[in-house]
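Dear colleague,

Please find below the structure that I am handing over to you. My findings follow it, and I would be grateful if you read them with the model open beside you.

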2 protein chains.
Amino acid sequence: MAPKARNVTQREIARIAGVSQTTVSMVLNDRDGSNVRIPEATRERVKRAIEQSTYVADPAARRLAGLDNQIMGVFTYEAALSPESMDFYGPLLNGLERAAEQVGCDLLFFTSSPVEDGTRSLFHRKTRLRLADGCILLGQQMDGDDLKRLVDEEFPFVAVGRRDETTAKVPYVGIDYVSLTAELIARAAELGHREALYVHRGRNSPTARDRLQEIHTSNASGGPRFTLVDGVDTIVEDLARTGATLVFAEDAFLAEDVALALGKAGTVVPEQVSLTALGEVRGHRVNGHPLSGFQVPRQQVAAEALNLLQQLITTPSDEWAGLDTQLLLAGQLELGETLVGRA
Amino acid sequence: MAPKARNVTQREIARIAGVSQTTVSMVLNDRDGSNVRIPEATRERVKRAIEQSTYVADPAARRLAGLDNQIMGVFTYEAALSPESMDFYGPLLNGLERAAEQVGCDLLFFTSSPVEDGTRSLFHRKTRLRLADGCILLGQQMDGDDLKRLVDEEFPFVAVGRRDETTAKVPYVGIDYVSLTAELIARAAELGHREALYVHRGRNSPTARDRLQEIHTSNASGGPRFTLVDGVDTIVEDLARTGATLVFAEDAFLAEDVALALGKAGTVVPEQVSLTALGEVRGHRVNGHPLSGFQVPRQQVAAEALNLLQQLITTPSDEWAGLDTQLLLAGQLELGETLVGRA
DNA sequence: CTGAAAGCGCTTACAG
DNA sequence: CTGAAAGCGCTTACAG
C-alpha cells in the first residue's frame, strides 16, 4: 500500500519549466557530458521550478535505473539494539551513525530476519539487501557461506572485525589483537610472571584465534607459560594446580567473573594474583582497581568500515583488487592496576 | 553504481519454468483473484524453479510498482546512537527492534540529514523517506510543520510521545504523564507537603506541558503550592525563600543535579528535603537512596508505535479516520525513598 | 487458465 | 542543445 497522494515527478517539473523530462533529469544529475551542454538559462529555469515545488527524486526509481542511493545496509547476526548487546555494539553503531552523517547516507538495519538459535540469516527469501548500495556486517561470529556468497556476487560489503571464515578475500576493518596480545604478554614477562592461566569462552571467532595465537607463541618460545581454561568454573583449582601468578581473560566481563570466583575462594586480585583482560577495559574495575587490558578504537573501526564501503561502492568491481580492503587498526595497552609484579 | 553481477529475475524463472513472467509474479504474490486461477501443477513448477534459484524480488521494482516493502523509516531529530542519547533512545530503539523482528520489517534510519543546531530536518532535497512504507518519528521536540506536511501528504507515520505542535491530527503513542503527575502530587499532599519547587528545563515539549498542567492545577485547586524554577542555579535560594519541603524535578538527571546543588549548600536529600523526578527513575539513586518518580514503559511505547504504523500502512488512507491513532500508555509510580513525610 | 502490454519514475544512449 | 525511446524489474488490468 504505497501512499496515495501523488508525488511530484520530473514530468511535472518538465511541464512547468517547459522542457522535456530528460532535461530535468540531466540538470538534476549535473550531467554535462560530451553530447550534452545545457545552457545556463534552461538550467536555471529548471532549477527554479524544482525549488518552488516539493520535488524529491523517487529513490526506488533511481535505484531501478541503476544509480546508487546512499543507503548502506547494516546487518547484525544478533539483536543489536538490546541493552545486553549495547556494550559491544554501542560504540560501533555510534561510529556508524557519525560516519553516515558525514558522508550523507542512510542506514538500513535488516531487522526483519528473525533471530533463530541466537543468530539471523542474511540471505532469506525476502531480503531487502539489494535496496542498499552496500552492507556493513557486524557480529562476533559470521557465517562463512554468507561471506563467500557476497564476495562471489560482487556485492559491496565490509565486515567489522578481522575475518577468516572463508578462503574468499573478505573486506574488513578490525583491531590488531595480535600485536596487543603480544605486547601484553611481553609486559607480563617483564613483571616476572612465568606461569599463567588463559581463561577464554571457547568461541571460535577470528579475534579469539588472534589472541590464542600469541598465547601459543608464548608457550612455544619460552615466554610465560599459559594453561588454557574454558570458562571460570574450575578456575580456583586450575590456579592452585598450576601455581599461576597471573590470569588473562578473553574480555573484561570474563575478567570480572574470574575476580568474583577467585574472591569467593579467598584469593584477592591483584594482591595475590594479577588479572588482565585481552579486550576493551575502559569503565571496568575489579575490587576498586581499574582493570588492566586494552583500549580499542571501536568507533573508529566502524567509521573506517563505512568509508571503505563507500570506496567499494564508487569503485567498479574490476578495480577492487587494487584497493586496500583489509585494515587492522592499532589499539593500545591500558595498564590499569590489576596487572602487577609477580606476587 | 549498482552491483554489476546480474541478479536473477522473474523473467529467468519464467524461462526455466516454461511460463510467462506474469505467471511467476502471480505465483509469488499468491494472486488468485477473480480472473486468475493457476493450476496447482503450474504453481508447483514455478515454485520449484524459484527454490532452486537464488531469486529474490527486487525491492526497488516492487516499490516502484506500488507495493509495500516492509521497510519502516526511523527519524530522530537528534543523533540516536550516541552514548549521551542512549538513556532516552535506548529503550525506544530496543522496543522498535523487537517489534520489527516480530512483524518482519526492516528499519531505515535517516542518518543522512546532518544535525544542524542540534536538530535534523526531515524533508530535504535527497530524502529517502518515500522508500519506506511509513515512518516512526522520535525526539523530545518535533517540528510542527513537518508533522503537518506528513499529515497533509497522507504519508503513514507515527510519532513517539504525545504531540500537539500542530492542529493537524497527528498519530502518536505516548505516555500518560498527566495522570502520573497528578498521582504523584496527590501522594505528596498525603505526606503533608504544602510548599514545593518545580525545577524544569524550560523546554516547550508536549510532555513538558503535560507535567506543567498538573502543577498548575495543584496551585489552582489548593493542592501543594509549586514555585516554578528554570534550572538548578538558584535552587538553594529558592528553597530558602519559599520554605519548600519538596522538590519536583522534570526528569531524573535534573533531580540528580538538584541533589548535588543542595548537597553543596549543606541541605541533604531526603532528610531535610524530599526530591522526586517526574520521569523514569529506574537505576537512579540520590545519596544512596532510590530516587522517587515514575516507571514508564518506553519499550512498549515503541512497539505500539510500530504496530500502529503497520495498521496505518495496511489501511487505505480514507479509512484512517476510523482508527484509534492517539494512544497514551499508563506508567506507574515508583515510590523510591526520596519522597518522604514532610520534614 | 495464461500471456502481451502498459505503467511505476527514473537514467542513459541515441537521433535529430 | 534537446527530446523520443528503451530499459531497469516488477504488478496489474486486459485480452485471448
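In this predicted model, strand S9 of chain B and strand S12 (residues 292–295) of chain B pair in the parallel sense, with 2 bridges between them. Within this pairing, Thr276(B) has Ser292(B) in S12(B) as its bridge partner. S9(B) also takes part in a second parallel pairing, in which 4 bridges join it to strand S8 (residues 246–249) of chain B. There, Val247(B) stands opposite Leu275(B) of S9(B). To pass from S8(B) to S9(B), the chain goes through helix H10 (residues 252–264) of chain B, and the resulting β-α-β crossover is right-handed.

Is strand S9 of chain B largely enclosed or open to its surroundings? S9(B) covers residues 274–280, and 7 of the 7 are buried, so the strand is largely enclosed by the rest of the structure.

One residue of this strand deserves a separate look. Glu280(B) belongs to S9 of chain B. Its relative accessibility is 17%, and because the limit for a buried residue is under 20%, Glu280(B) counts as buried. Which partners does the side chain of Glu280(B) have? One is the side chain of Arg282(B), with which Glu280(B) makes a polar contact of 2.6 Å. Another is the backbone of Val296(B), whose nitrogen lies 2.8 Å from a polar atom of the Glu280(B) side chain.

Two loop residues may be set beside this. Gly202(B) lies in the loop that links strand S6 (195–200) to helix H8 (206–220) of chain B. With a relative accessibility of 44%, Gly202(B) counts as partly exposed. Gly202(B) and Asp230(B) are 28 residues apart along the chain, and 5.8 Å separates their C-alpha atoms. In chain A, His193(A) is placed in the loop between helix H7 (177–190) and strand S6 (195–200). Its relative accessibility is 0%, so His193(A) counts as buried. The side chain of His193(A) makes a polar contact, at 2.7 Å, with the side chain of Thr245(A).

On a wider scale, the domain assignment divides chain A into domain 1 (10–57), domain 2 (71–174 + 299–330) and domain 3 (177–296). The C-alpha centres of domain 1 and domain 3 of chain A are 64 Å apart.

I turn next to the DNA, beginning with strand D. Which residues come nearest to DNA strand D? There are 27 residues around this strand, and the nearest of them are Arg37(A), Gln21(B), Ser25(B), Asn29(B) and Tyr55(B). Sugar or phosphate supplies 66% of the atoms of DNA strand D within 4 Å of the protein, and bases supply the rest. Two contacts with phosphate oxygens of this strand involve chain B: a polar side-chain atom of Asn29(B) lies 2.7 Å from one, and a polar backbone atom of Asp58(B) is 3.2 Å from one. A base is contacted as well, since a base oxygen of DNA strand D lies 3.3 Å from a backbone N or O atom of Leu64(A). The elements giving two or more residues to the surface near DNA strand D are helix H2 (21–28) of chain A, and helix H2 (21–28) and helix H4 (59–64) of chain B. H2(B) provides the largest share, 3 residues. By class, this surface has 11 nonpolar, 11 polar and 5 charged residues.

For DNA strand C, the residues that come nearest, out of 27 around it, are Gln21(A), Ser25(A), Asn29(A), Tyr55(A) and Pro39(B). Of the atoms of DNA strand C that come within 4 Å of the protein, 65% are accounted for by sugar and phosphate. A polar backbone atom of Gln10(A) is 2.8 Å from a phosphate oxygen of this strand. From chain B, a backbone N or O atom of Ser20(B) lies 2.7 Å from a phosphate oxygen, and a side-chain N or O atom of Thr42(B) is 3.5 Å from a phosphate oxygen. Two or more residues of the surface near DNA strand C come from each of H2 and helix H4 (59–64) of chain A and H2 of chain B. The largest share, 3 residues, belongs to H2(A). This surface divides into 11 nonpolar, 11 polar and 5 charged residues.

With kind regards

Note on methods:
Residues are numbered from 1 along each chain as its sequence is written. Chains are lettered from A and ligands numbered from 1 in the order in which they are written. This is a predicted model: local features need pLDDT of at least 70, side-chain atom pairs count only at pLDDT 80 or more; totals for chains, interfaces and linings use all residues. Side-chain values use heavy atoms; hydrogens and water are left out. A residue is near a molecule or strand if one of its heavy atoms lies within 4 Å of it. A polar contact is a pair of N or O atoms within 3.5 Å; within protein, one must be able to donate a hydrogen and the other to accept it, and residues adjacent in sequence count only if both atoms are side-chain atoms. Ala, Val, Leu, Ile, Met, Phe, Trp, Tyr, Cys and Pro count as nonpolar, Asp, Glu, Lys and Arg as charged, and the others, Gly among them, as polar. Domain bounds come from an automatic or database domain assignment. Buried means under 20% relative accessible area, exposed over 50%, partly exposed in between (1.4 Å probe, protein chains only). Two strands pair if DSSP finds at least two bridges between them. A crossover is right-handed if, with the strands pointing away from the viewer, the path from the first strand over the helix to the second runs clockwise.
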